[in-house]
Amino acid sequence: GYDIRATKIWDKGEDSFHAIVLGSQGYLGSTQMQQGNADATSQPNFIYNNPDNLEGSDYNLPNSQIGLFSQGIISLTKGFSITPGIRWEYIDTRANGSYRISVEDFGGNVLLDSIIDSNNKNARHVFLPGIGFSFKMDDGGEIYGNAVANYRAVNFSDIQIQNLGVVVDPNISDEKGANFDLGYRNNTNKLSWDISVFMLNYSDKIGVYPTKIPDPLLIERAVFLRTNISDARTYGLEGLIRRVFIQDYKNLIDFTVSTSIMSGKYIGNNNSVVEGKEIENMPSFTFRSVLTWKHKKSRASVQWNYVGSQFTDATNAFIEPTGVYGEIPAYGILDCSFNHKFNEQISLGV
């Protein structure tokens with residue numbers, strides 16, 4: 001891998017400047033992925049039972065990626081600046097190998113045993129433009145905003161690996177989208193806070209939903225299907241506040257709270273099964289808080305986290321008899337910790 005970049009800054013005086021960054025990043029790698037049966041013990045014995053005749057798969061996954069990017073800062077006034085940028089990516093992912101399909105009945109008789117070879121290549125060019133702004137006020141506050149294109153690549157390693165509970169659509173494709181956010185922050189010695197709103201759009205979002213597939217023994221079995229489900233949109237509000245009560249070279253007492261409220265739904269795209277449903281694995285509300293105390297070599301903290309309920313599939317099923325999918329209920333976690341450092345070598349933590 002490599003990372004090369006160059007920066008040029010033009011000082012305009014009065015705490016304002018222009019700047020530009022030009023750069024390139026590259027990566028070349030290869031992953032070997034194998035799946036096969038191991039022994040029946042609970043020990044970490046990473047040795048295959050049949051290394052020359054694997055029961056699962058054997059793949060070589062070469063991957064190369066080259067990126068060119070440029071980002072600038074243009075100061076229009078003393079406190080107002082814009083930050084345009086663009087990135088170009090060339091991504092080349094390949095998969096060379098084979099996987100095995102073996103089916104036995106309940107008596108141990110082999111019904112099917114086939115090795116399927118595959119040689120796949122997926123090369124694509126991606127352009128990601130973006131622009132942001134910042135307006136700094138005399139009281140220390142700052143209003144900021146961004147509009148950025150998003151991209152999520154699918155690699156063959158996501159498709160070729162075999163999973164008992166998840167089946168990947170072999171025609172799954174990359175995600176594309178855009179993110180927009182607007183916020184305000186202010187930092188002082190005693191009080192710091194940041195609040196922002198955002199909207200995230202994705203076309204052909206990758207997700208999972210329950211379905212049934214043919215099975216030689218069970219006729220059909222329930223699985224998760226991971227595929228491009230539908231277009232999706234998420235709105236959110238995020239906030240963070242930190243209050244410092246005492247801070248010197250011996251003592252520290254501060255309290256930090258962060259929270260987020262989100263609403264994400266699938267918006268159709270010819271998939272009536274999930275249209276209007278909530279996006280899976282996304283709690284609508286999260287709350288995190290931590291109170292920290294420090295005195296000389298002792299430190300203690302109390303942390304409370306709360307995560308709202310969330311669905312595990314795009315159909316928003318609350319419960320399912322097989323237990324493969326369903327709702328994750330809301331939960332909270334209280335964590336208390338204490339640490340005292342006697343010297344550089346010895347400390348006690350609870």
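This briefing covers the overall form of the chain, its nonpolar cores and the setting of Thr312. The model is predicted. The protein chain has one helix and 17 strands. Its radius of gyration is 26 Å, well over the 20 Å that the globule rule gives for 350 residues, so the chain is more spread out than a compact globule.

**Overall form**
- Along the principal axes, the C-alpha atoms fill a box of roughly 80 × 50 × 50 Å.
- The accessible surface of the protein chain is about 21,500 Å². Carbon and sulfur atoms hold 56% of that surface.
- Of the 350 residues, 31% are buried.
- Among contacts with a separation of 6 or more, 60% join residues 24 or more positions apart.

**Nonpolar cores**
- The largest nonpolar core has six residues: Ile229, Ala232, Tyr266, Val274, Ile279 and Ala314.
- Another core, of five residues, lies apart from it. Its members include Met33, Tyr59, Leu61 and Phe156.

**Thr312**
- Thr312 sits in the loop between β14 (310-311) and β15 (327-328).
- Thr312 counts as buried because its relative accessible area is 16%, and the cut-off is under 20%.
- A polar atom of the Thr312 side chain lies 2.7 Å from the backbone oxygen of Gly326.
- Leaving out residues up to four places away in sequence, Thr312 touches Val208, Phe224, Glu280, Asn281, Tyr325, Gly326 and Ile328.
- Gly326 thus appears both in that contact list and as the backbone partner of the Thr312 side chain.

Technical notes: Residues numbered from 1 in each chain as written. Predicted model: local features only at pLDDT ≥ 70, side-chain atom pairs only at ≥ 80, totals over all residues. Heavy atoms only, no water. Helix = DSSP H or I, 4+ residues; strand = E, 2+ residues; numbered from the N terminus. Buried < 20%, exposed > 50% of the residue type's maximum accessible area, 1.4 Å probe, protein only. Polar contact = N/O pair within 3.5 Å; in protein donor to acceptor, adjacent residues only side chain to side chain. Contact = heavy atoms within 4.5 Å. Core = buried A, V, L, I, M, F, W, Y, C linked by side-chain atoms within 4.5 Å. Rg over C-alpha atoms; globule rule 2.2 N^0.38 Å. Areas by Shrake-Rupley, 256 points an atom, 1.4 Å probe, with all protein chains shown as cover.
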